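Thanks for coming. I will walk through one structure, a few places at a time, so please have a look at it first.

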Amino acid sequence: MKEEIKAHNNLLELIGNTPLIKLNKITQKMKGNYFAKVEAFNPGHSTKDRIALYIIEEAERKGILKPGDTIIETTSGNTGFSIAMVSIIKGYECILAVSSKSSADKIDMLKTMGAKVYVCPAHVSADDPRSYYEVAKRLHNEIKGSVYINQYFNELNIDAHYQTTGPEIWEQTAGKITHLVACSGTGGTISGTARFLKEQNPNIKVIGIDAYGSVLQKYHQTKEFDANEIYPYRIEGLGKNLIPTATDFDIIDKFEKVTDESSAHTARELAKTEGLFVGYTSGAAMQGLKQLEEEGEFDENSNIIVIFPDHGSRYMSKIFNDEWMNQQGFFDSETAEIHKIEYVK
Ligand SMILES: Cc1ncc(COP(=O)(O)O)c(C=O)c1O
C-alpha cells in the first residue's frame, strides 16, 4: 500500500482550532473550573492569525484584493505579524503603522516577516496626524490598490471570532461554559466569541478585561467617552483611548480593570505554576480571574473559559526581563527573590 505524505499545504491551514487547557495550580485556592484557550498555538503565535486570514480572504472573495496589492494596518504587533505572515504566503505587500510602545522585539519580528514598518508616537491622541491610525489612513489614501484592514472599526474582526473562536469553545466545552473572560483591545475577540456563545446559551456571563488608563469600562457603564480616564500604561494590546466599533458593548456584561504591575507578575506566575509561557495580556486576563473570584463572581459549578491571546516570547525585553521590571518599579523586597540568579565563576 502506498503511504501518503502527511503534510499541510502551508501555515494557513494551521490557524485556529487552538487547545483548551485546564489551569490547575494557579487556581488551586479559587472556586470554579478554569480552562485557558491558548492562542499561542496558532502558527503566528497569537489570536490575530484568525482575523488576518478571515479579513484578507473576505477581501479576496469580494474581489477587492488582487495579487501584488498592498495590505495596510495599525497594530500593536500581533495583528501586524499575522498579516505579514498571511501576506507572504498569499503574495501581498504589507505596510504596518505601529505604536512606539511596542517592544523592539515585535518591531524586529515584523521587519523579519517582510513588512514595511512605520513607528508612531504612542502618547498622542488618536486624531493626531502622527498617531498610528492617522498614518495608516494617509498611506491607504496615497497607495493605489491598497486595502486597510482597520481592525478597530471593522465588523469582520468580530465575524472572524464569531465563525471560529466561539464555535470552537462551544464544542470543546460541550456547551458547559458558564463564563467567558477575555481581554478587550479592538474588542473583536470578546465580541465575536461572546455573540456566538450567547446565541447558544444567553446565560453565559461575558467579562472583558480592561487596563487602568483606558476608557472602555467607564464607557460600558455610562455610554460616555471620558477623556479623563486616559493615561499611559504599559500593557500592549489591552484597553483603549478611543471607542472601537469592533467592540459590541451590549454583549459584554461587565469589565474588570487590572494594573500593569499585577498583570506582569501574574504572567510570570503562569509560567512558574502551569508551565504556560504566555504574553502580558494573558497575565492580565489571569489577574482579572483572580480579582473576579475574590469578588465572588464564581462558584464550584462555574466553568470559566479565559482566552490567552499570545506567546511569552514576544515580551523577553519587557515583563520577562528583570531589569525592565525593576525600571518600572515592579520589584520590591518581597518579589526580589524571584529574580535571584547565581553566577558560578
Ligand atoms: C497581546 C494582545 N492581547 C489582547 C488583545 C485584544 O484582543 P482584541 O483586539 O480582539 O480585543 C490584543 C489585540 O490588540 C493583543 O495584541
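**A walk through selected residues**

Let me start in the loop between β6 and α5, where N150 is located. Helices here are DSSP runs of H or I with at least four residues, strands are runs of E with at least two, and both are numbered from the N terminus. Before going on, two notes on what you see. This is a predicted model, in which local features need pLDDT of at least 70 and side-chain atom pairs count only at pLDDT 80 or more, while totals for chains, interfaces and linings use all residues. Residues are numbered from 1 along each chain as its sequence is written, and side-chain values use heavy atoms, with hydrogens and water left out.

Back to N150. Its phi is near 55°, a positive value in a residue other than glycine. Most residues other than glycine have a negative phi. N150 is partly exposed because its relative accessibility is 23%; buried means under 20% relative accessible area, exposed means over 50%, and partly exposed is in between, with a 1.4 Å probe and protein chains only.

K223 also has a positive phi, near 65°, and is not a glycine. You will find K223 in the loop between α8 (216–222) and β9 (254–258). With a relative accessible area of 46%, K223 is partly exposed.

Now N154, which sits in the loop between β6 (146–148) and α5 (155–163). Is N154 buried or exposed? Its relative accessible area is 15%, so N154 is buried. Its neighbours, apart from residues up to four places away in sequence, are I55, I149, T245 and A246, where contact means heavy atoms within 4.5 Å. The side chain of N154 also reaches the backbone nitrogen of L156, at 2.9 Å.

Next, the strands. Which strands pair with β4? Strand β3 (residues 70–75) pairs with β4 in the parallel sense over six bridges, and β4 is joined to strand β5 (residues 116–120) by five bridges, again running parallel. Pairing requires that DSSP finds at least two bridges between two strands. L96 in β4 stands opposite E73, and L96 also stands opposite V117 in β5. Strand β4 itself (residues 93–99) is mostly covered, with six of its seven residues buried.

From V117 we can go to I307, a residue of strand β10. These two are 190 residues apart along the chain, and their C-alpha atoms are separated by 28 Å. I307 counts as buried because its relative accessibility is 2%. Leaving aside neighbours within four places in sequence, its contacts include K37, E39, T165 and I169.

After β10 (303–308) comes a loop that leads to α11 (322–327), and S313 is in that loop. At 34% relative accessibility, S313 is partly exposed. S313 touches D105 and F277, again not counting residues up to four places away in sequence. Its side chain makes a polar contact with the side chain of H311 at 2.8 Å. A polar contact is a pair of N or O atoms within 3.5 Å; within protein, one must be able to donate a hydrogen and the other to accept it, and residues adjacent in sequence count only if both atoms are side-chain atoms.

One last place: L11, in the segment before β1 (20–22). L11 is partly exposed, with a relative accessible area of 38%. That is where I will stop; questions are welcome.
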